[in-house]
Amino acid sequence: MADATALPTPAGIALRRPTEADYPGMVRVIDDWWGGRTMDALLPRLWLQHFTGTSWLAETTASELAGFLIGFHSPDRANVAYCRLVATNPNLRGRGVGRALYERFFDDARRAGRHEVRAITWPGNRPSIAFHRALGFQVEVGPGSQNLYGTPAQPGYDFDREDRTILVRTI
Ligand SMILES: CC(C)(COP(=O)(O)OP(=O)(O)OC[C@H]1O[C@@H](n2cnc3c(N)ncnc32)[C@H](O)[C@@H]1OP(=O)(O)O)[C@@H](O)C(=O)NCCC(=O)NCCS
């Protein structure tokens, strides 16, 4: 198991647990960080009230928000940690901030005896799929999978209308 202090940390970036006080700053940027899609409904305040102990926030030395990963350890699947949302500041992409957030999430999960990390993404979100693949996730292919936007996905996975690619990584 990695020593937590040895986990990758991009220059000029600090990582810490988020708190509820971070919430307004996060919802303010979320639509912009997702390229203008309306995403704020994915992040009601409850995530910053009940899931901060398994989530991470990255910030610059000037305390500018650099990224966040909201996740939890599944109450129903004792082996699984689940990443609900991960995003980084568009001005700081490609510098390892997303990887640094996920490596800490993996480390927490290992320490809690979890061996699998799961996430879902829209199959048209190619950067997200490339990012997750670079981090060692595989696209789950199962009954009902179809190739959508070039990636195996489950049509109508959420709300009976939203297509999702299922991402799985063993840790
Ligand atoms: C996806 C996202 C989180 C990546 O964050 P990031 O800080 O730029 O990622 P990193 O710099 O840590 O990159 C980690 C790896 O992913 C790869 N990667 C990241 N973005 C990529 C892209 N757009 N295309 C191809 N590869 C990409 C990097 O090359 C890197 O690989 P390496 O470590 O092997 O060199 C960021 O683009 C983002 O916030 N997107 C909008 C929100 C979103 O779609 N979130 C995911 C769905 S919940």
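**Exercise 1. Find the two parts and how far apart their centres sit.**

Start with the split: domain 1 covers 1-114 and domain 2 covers 115-171, with bounds taken from an automatic or database domain assignment. Residues are numbered from 1 along each chain as its sequence is written. This is a predicted model, where local features need pLDDT of at least 70, side-chain atom pairs count only at pLDDT 80 or more, and totals for chains, interfaces and linings use all residues, while side-chain values use heavy atoms, leaving out hydrogens and water. Next, take the C-alpha centres of domain 1 and domain 2: they are 19 Å apart.

**Exercise 2. Work out how much area the two domains bury, and which residues of domain 1 lose the most.**

Together, domain 1 and domain 2 bury about 1,400 Å² (accessible area, 1.4 Å probe, lost on putting two parts together, summed over both). Carbon and sulfur atoms carry 58% of that. Now look at domain 1: Y82, Y102 and F106 lose the most area to domain 2, jointly 33% of what that side buries.

**Exercise 3. Count the polar links, then describe the side of domain 1 that touches domain 2.**

Try polar contacts (N or O atoms within 3.5 Å, one able to donate a hydrogen and the other to accept it; residues adjacent in sequence count only if both atoms are side-chain atoms): eight residue pairs, both at pLDDT 80 or more, link domain 1 and domain 2. Then go by element (DSSP runs, numbered from the N terminus: helices H or I, at least four residues; strands E, at least two). β4 (80-88) and α3 (97-111) each give two or more residues to this side of domain 1, and α3 gives the most, seven.
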